[in-house]
Amino acid sequence: MEIIAKAASPEKHKAAVLALSVTEGKLGAAAQLVDKAAGGHLSAILKLGDLDAKSGSSVLLHKVAGVAAERVLLVSTGKTDKEFRDAARAAVRAATAAGGELALAFEGRDAAWAAEEIAVAAFDASYKFDATKSKKDDKPGLKKVTVLVAKADEAAAAVGVAAGAALGSAINLGKDLGNLPPNFCTPTHLANTAKDIAKQFGMKVEVLERADVEKLGMGSFVSVAKGSTEPLKFIVLKHEGGKKGDKPVVLVGKGITFDSGGISLKPGEGMDEMKYDMMGAGSVIATMHAVGAMKLPLNVYAVVASCENMPAGNASKPGDVVTTMNGLTVEILNTDAEGRLILCDALTYAERFEPAAVVDVATLTGACVIALGHHVTGLYANKEELGRELVAAGEAAGDRAWQMPMFDEYQEQLKSNFADLANIGGRPGGSVTAACFLSRFAKKYDWAHLDIAGTAWKSGAAKGATGRPVPLLTQFLRARAAAVAGSKPAAKVAPAKAAAKPVTKAVAKPAAKAAVKPVAKVETKAAAKPAAKPAAKPAGKKK
Ligand SMILES: [Zn+2]
């Protein structure tokens, strides 16, 4: 799919579908031009009351006289960011059936911002996963999306489109990694994907094997991996877009490519969804794809600990005590609380980078889903400013997180009679005590933890990976890059709500401008090859 921004008269632009925004029942300037060319047909339709005012509602008109496009799609949109996104997604979905080119003239917003959101929506709404189906979906689908803008906005919109394509293709890579079955998306596949990203964007990559991490003393990580016949991988991917010597932001991802629970075996129903237990790693790796495509002027490292959690004769048993890389001993009371056992060693490893900040991302606890449901990510931080920064990034990106408490009292629940700490703290506040566990290994730097157990995938009929929190992480890094460029401390964003707006604006321009080329041609198809090779080709790879 090709996405471009273009200055053209909407009524004269040839396309399969011309989508026009209708805000609070009123046609915008572009829609009025089309209405005039069509002899008042659009305003007549609005008078009939066929278009619901709810954002994303639409009416499709065929062969409108006086208009070059084959179809005109009127789409309701409100004034909030979310309403705009909903409307853009609805337009893409409605136009996908028609195939060919979708042209959009959506108004009332900053041109670069709107173009970026439309590009992201185009990737999101046209995503499909057929890598492991014998019959591919061969419907033509959308070939091209053209964002129609005024001449004065053309350059800004092109920058927005390029940023949106970079983010949209990264989100889809995240979805591909999550959706790939666990016999394809193995630790080796994650490592290969990281290698491909390194090659494509000129990053450094290092993949440590079991012997390497044993030598480093990662007894806790190895204890999780040892029941599986799939080799573990410890992946370090480095984007050095900032100044030499600038402290990096380190993203740490939990990459359990299948979580059976181990000896503390999970119930069988819904266990297939445990393939998504690598989405911390998946979203971190996908974010690095966006960072590379945007050429962010910032040092960003990704650290991923990846393995399977399986029951076996040599698997960890409840009651086992293991020694972590930083020397603390842990009593494994439940082998299904394995995420923290691999993350703790990855967090200790991150110390060597003297990071500016570390953000770990993990589908960590069912308790987080009980606390917050599927709408927002659970956020914990040992530094108030970092927490606020991430909340603001989530607000701006439409990928929200909610900060949870991490008071000292909770630490009491991790006491063990036989080790320095236990790997679970009982049912009360299970998401909090998981974060408290991690905090013991993150004392040497500013650290935040995102529990994405509720937001990384959907169950039911729409079962699949969401690509979250790639938008949040990318926005966080773009804001950091913009802050570094403007030599303003990123932390001075004060209350989250108020900060959300300025952060986006400040970011969209400088960060993106330095970055990406105006026209973005991106292949969205998942490139996984089902049958042949055990380690599928990296999905959603740019070609
Ligand atoms: Zn588990």
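## Exercises on a predicted model

With 25 C-beta neighbours inside 10 Å, D259 counts as buried. Keep that residue in mind; the structure you're looking at is a predicted model, and we'll work through it piece by piece.

**Exercise 1.** Work out where D259 sits and which residues it touches, leaving aside neighbours within four places in sequence.

*Solution.* Start with the burial label: the cut-off for buried is 20 or more other C-beta atoms within 10 Å, and D259 has 25, so it counts as buried. Next, find its element: D259 belongs to strand 10, residues 249–259. Finally, list the contacts: M274, D277, N309 and E338.

**Exercise 2.** Explain why D259, D336 and E338 can be said to gather at one spot.

*Solution.* First, the record: an unreviewed UniProt entry puts the feature "binding site" at D259, D336 and E338. They span 80 residues in sequence, yet no two of their C-alpha atoms are more than 8.6 Å apart, so they do gather at one spot. Now zoom in on E338, which is in the loop between strand 13 (329–331) and helix 10 (339–350). E338 has 30 other C-beta atoms within 10 Å, so it's buried. Its contacts beyond four places in sequence are V224, I256, D259, G262 and N309.

**Exercise 3.** Compare K266 and R340: for each, decide whether it is buried or partly exposed.

*Solution.* The same kind of record, an unreviewed UniProt entry, gives "active site" at K266 and R340. Take K266: it's in the loop between strand 10 and helix 9 (279–293). K266 has 15 C-beta neighbours inside 10 Å, so it counts as partly exposed. Beyond four places in sequence, its contacts include D336 and M274. Now R340: it's part of helix 10. With 27 other C-beta atoms within 10 Å, R340 is buried. Among its contacts outside that sequence window are L364, N423 and F437.

**Exercise 4.** Show that strand 5 (residues 71–77) is largely enclosed by the rest of the structure.

*Solution.* Count first: seven of its seven residues are buried, so strand 5 is largely enclosed. Then recall that in a regular strand the side chains alternate between the two faces of the sheet. Check each side of strand 5: R71, L73, V75 and T77 are buried on one, and V72, L74 and S76 on the other. Last, look at the partners. Strand 2 (residues 17–23) runs parallel to strand 5, joined by seven bridges, and S21 has V75 as its bridge partner. Strand 4 (residues 58–62) pairs with strand 5 in the antiparallel sense over five bridges, with L61 opposite V72.

**Exercise 5.** Test whether the length of helix 5 (residues 154–179) agrees with what you'd expect at 1.5 Å a residue.

*Solution.* Helix 5 has 26 residues, which should span 38 Å; the end C-alpha atoms are 36 Å apart, so the two agree. As for its surroundings, 24 of the 26 residues are buried.

**Exercise 6.** Describe the open sheet of eight strands and what packs on it.

*Solution.* Write down the order: 8-9-11-10-14-18-15-16, with mixed pairing. The edges are strand 8 (204–208) and strand 16 (401–403), each pairing on one side only. From one strand to the next, the twist averages 20°. Inside the sheet, strand 10 pairs in parallel with strand 11 (residues 299–309) over 10 bridges, and V250 stands opposite Y301. Helix 10 lies across strands 10, 11 and 14, at about 155° to strand 10. Helix 12 (residues 384–397) also packs on the sheet, touching strands 14, 15, 16 and 18.

Definitions and conventions. Residues numbered from 1 in each chain as written. Predicted model: local features only at pLDDT ≥ 70, side-chain atom pairs only at ≥ 80, totals over all residues. UniProt positions renumbered as here; feature names shortened; annotations may be inferred. Helix = DSSP H or I, 4+ residues; strand = E, 2+ residues; numbered from the N terminus. Buried ≥ 20, exposed ≤ 12 C-beta atoms within 10 Å, placed from the backbone. Contact = placed C-beta atoms within 7 Å. Pairing = 2+ DSSP bridges. Expected span 1.5 Å × (residues − 1). Axes fitted to C-alpha atoms, helices over the stretch in contact; angles between N-to-C directions.
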